[in-house]
Amino acid sequence: MYNYWRTNWKKIILGLIVAAGVGLGLYLSGLDTLPQASFSLLSSINPPTSADRVLVIAPHQDDEVLGAGDYIQRAISAGAKVEVVFATDGDKHGKKEIRHNEAVIADAKLGLKEDQLIFFDFPDGELSSQTEYDQFVIRLKDEIKAFQPTIVITTLIEDEHPDHSASGRAVKALSTTETQFTTLFFLIHSDRYPRPIGDAPEKYLLPPLKLTDEYDWEVFSATEGEQTNKRVAINSYRSQMSLSNPILRQLLQSFDRRNELFAKVIL
Ligand SMILES: [Zn+2]
């Protein structure tokens, strides 16, 4: 053994280095989000109170349920004022009316009445074009002035859907002016997120590793009742849950988890 080590030590060490490298690579490539076991290490977000005025800005009809369906229910039961703004008309596949009606039904499952839903109806997929974006910012500014929110919830700038990113940009731009509210961002479209993808309601929703440096991620744990209502609300978006589009269906199902996840800008 001693002689073997002496004559082959370079090969052995090189072999160990290669093995460690391959192992590390495999480990990292399998870790798209923080592991499930890290859930208890994340801070919990302060629950809404009766003094809060919560404005949720959903780029499309379903984002409000996916990103904040549990939080909205808690806000309503706490006595907070809640309003949902839909930025676009969701008409990409000619489904404007269907999605509008689905939103009314789905959000009723969360406890929202129709007069708490505001439809801006910008063209689906066009929110990031300069003309539409500028108009969107103006309308949003007016809405914020009228509603006076203490909390604004919308999609993250890093979301890969351009409408979602535009919504995040608009809120960020408006939150740096004279208005004062806490902004909470959620993520829907991002490469290899959420994990696991699909129906796994017993799992936690955890942040993508690639965005853990830029934001403070806080969790909002749902009660069993809230999670059940959210699942019913997701299923109410029948056009999005269609069996003919299994990828979209799986994405929606991925947000039926034990918690929601919000990113705060690190100050
Ligand atoms: Zn969307």
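In this predicted model, P194 lies in the loop between β6 and β7. The peptide bond that joins Y193 to P194 is cis, with an omega of about -15°. The loop between β6 and β7 also holds P196, and a cis peptide bond, with omega of about -10°, links R195 to P196. Such details deserve attention because most peptide bonds are trans, just as most residues other than glycine have a negative phi.

The backbone angle phi offers two further points of interest. D62, a residue other than glycine, has a positive phi, near 150°. D62 belongs to the loop between β2 and α2, the latter spanning residues 63-78. Is D62 buried or exposed? The cut-off for a buried residue is 20 or more other C-beta atoms within 10 Å; D62 has 28 C-beta neighbours inside 10 Å and therefore counts as buried. D121 is likewise not a glycine, and its phi is positive at about 60°. D121 is part of strand β4, which covers residues 117-122. Because D121 has 14 C-beta neighbours inside 10 Å, this residue counts as partly exposed.

From these individual residues the account turns to the strands that flank the loop with the two cis bonds. Strand β6 is formed by residues 182-186, and its pairing with β5 is parallel, over 5 bridges. Within this pairing, T155 has F186 of β6 as its bridge partner. Strand β5 also pairs with strand β2, residues 53-58; the two run parallel and are joined by 3 bridges. Here the bridge partner of L55 is V152, a residue of β5. Strand β5 thus has bridges to β2 and to β6. How is strand β5 placed relative to the rest of the structure? Of its 5 residues, numbered 151-155, 5 are buried, so β5 is largely enclosed by the rest of the structure.

On the other side of the loop in the sequence is strand β7, made of residues 215-221, which runs parallel to strand β1, residues 43-44, and is joined to it by 2 bridges. S44 finds its bridge partner in V219 of β7. Strand β7 pairs as well with strand β8, residues 259-265, this time in the antiparallel sense and over 7 bridges. One of the residues involved is S221, whose bridge partner in β8 is N259. Strand β7 therefore takes part in a parallel pairing with β1 and an antiparallel one with β8. In a regular strand, the side chains alternate between the two faces of the sheet.

The helices complete this tour. Two packed helices are described by the angle between their axes and by the distance between those axes. Helix α4 comprises residues 130-147 and helix α5 residues 162-175; they pack at an angle of about 50°, and their axes are 10 Å apart. The two helices, α4 and α5, are therefore oblique to each other. Their crossing is right-handed. Which residues make the contact? From α4 come Y133, F136, V137, L140, K141 and I144, while α5 supplies A166, A170, A173 and L174. Sorted by class, the contact of α4 with α5 contains 9 nonpolar residues, no polar residues and 1 charged residue.

Conventions: Residues numbered from 1 in each chain as written. Predicted model: local features only at pLDDT ≥ 70, side-chain atom pairs only at ≥ 80, totals over all residues. Axes fitted to C-alpha atoms, helices over the stretch in contact; angles between N-to-C directions. Helix = DSSP H or I, 4+ residues; strand = E, 2+ residues; numbered from the N terminus. Parallel < 35°, antiparallel > 145°, perpendicular 65-115°, else oblique. Left-handed = near helix turned anticlockwise from the far one by under 90°. Contact = placed C-beta atoms within 7 Å. Nonpolar A, V, L, I, M, F, W, Y, C, P; charged D, E, K, R; others polar. Buried ≥ 20, exposed ≤ 12 C-beta atoms within 10 Å, placed from the backbone. Pairing = 2+ DSSP bridges.
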